[in-house]
Amino acid sequence: MVSEWDSKVPKRPRTLAFRASTVLLLFALPGLLLHLTGAEATLKRLSEGAAWALVSMAPLWALIGFLSATIYLMLSISRPYNAAQHLVEMVVAAAVIVLLRPVF
């Protein structure tokens with residue numbers, strides 16, 4: 001592990017960034033909320049397409065978000081300032097996939 005004391009690379013601030021994994025997880029979270037609150041049936045009566053995009057596809061959005069967060073994590077392994085965001089995204093995506101398992 002490279003020590004920060006010996007590194008000549010300038011220290012970059014830890015910042016959150018919107019990447020593809022973040023956007024996909026933001027697509028998945030409304031589906032989870034609709035499924036858990038029971039509003040899924042009401043949404044299906046109002047709009048079948050919206051129910052399909054938000055609830056039925058939510059596990060897929062979370063899965064793709066999980067995979068892209070994993071790729072980002074592997075690419076940023078040498079830059080630890082991004083690792084925390086990707087790890088949180090991976091945990092959230094895994095939770096969404098597990099909680100929406102009956103939708104599949």
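Is Glu40 counted as buried or exposed? Here are some notes on this predicted model, starting with that residue.

1. **Glu40.** With a relative accessibility of 15%, Glu40 falls under the 20% cut-off and therefore counts as buried. The residue belongs to helix α2, which covers residues 40–46. Once neighbours within four places in sequence are set aside, the contacts of Glu40 are Leu34, His35 and Val55. If you have the viewer open, those are the side chains to display around Glu40.

2. **Overall make-up.** The protein has five helices and zero strands, so to speak a plain α-α-α-α-α pattern when read along the sequence. Of its 104 residues, 30% are buried. The accessible surface is about 7200 Å², and carbon and sulfur atoms hold 72% of that area.

3. **Contacts along the sequence.** Taking the contacts with a separation of 6 or more, 70% are between residues 24 or more positions apart. The α1 and α5 pair in point 6 is a good place to look next.

4. **The largest nonpolar core.** Eight residues form this core: Leu25, Ala28, Leu32, Ala58, Ala62, Ala93, Val96 and Leu100. Three helices, α1 (20–37), α4 (58–75) and α5 (83–99), each contribute at least two of them. The largest share is that of α1, with three residues. As general background, nonpolar side chains in soluble globular proteins tend to be buried together.

5. **Ala62 within that core.** Ala62 is one of the eight core residues. Leaving out residues up to four places away in sequence, Ala62 touches Leu25, Ala28, Ala93, Val96 and Ile97. Among these partners, Leu25, Ala28, Ala93 and Val96 are also listed in the core.

6. **How α1 meets α5.** These two helices pack at an angle of about 35°, and their axes lie 10 Å apart. Their crossing is left-handed. On the α1 side, the contact is made by Ser21, Thr22, Leu25, Ala28, Leu29, Leu32 and His35. On the α5 side, Gln85, Glu89, Val92, Ala93, Val96 and Leu99 take part. Sorted by class, the contact holds eight nonpolar, four polar and one charged residues.

7. **Linking the points.** Several names come back as you move through the model. Leu25, Ala28, Leu32, Ala93 and Val96 are members of the largest nonpolar core, and they also take part in the contact of α1 with α5. His35 appears in that helix contact too, and is a contact of Glu40 as well.

Methods: Residues numbered from 1 in each chain as written. Predicted model: local features only at pLDDT ≥ 70, side-chain atom pairs only at ≥ 80, totals over all residues. Heavy atoms only, no water. Core = buried A, V, L, I, M, F, W, Y, C linked by side-chain atoms within 4.5 Å. Buried < 20%, exposed > 50% of the residue type's maximum accessible area, 1.4 Å probe, protein only. Helix = DSSP H or I, 4+ residues; strand = E, 2+ residues; numbered from the N terminus. Contact = heavy atoms within 4.5 Å. Axes fitted to C-alpha atoms, helices over the stretch in contact; angles between N-to-C directions. Left-handed = near helix turned anticlockwise from the far one by under 90°. Nonpolar A, V, L, I, M, F, W, Y, C, P; charged D, E, K, R; others polar. Areas by Shrake-Rupley, 256 points an atom, 1.4 Å probe, with all protein chains shown as cover.
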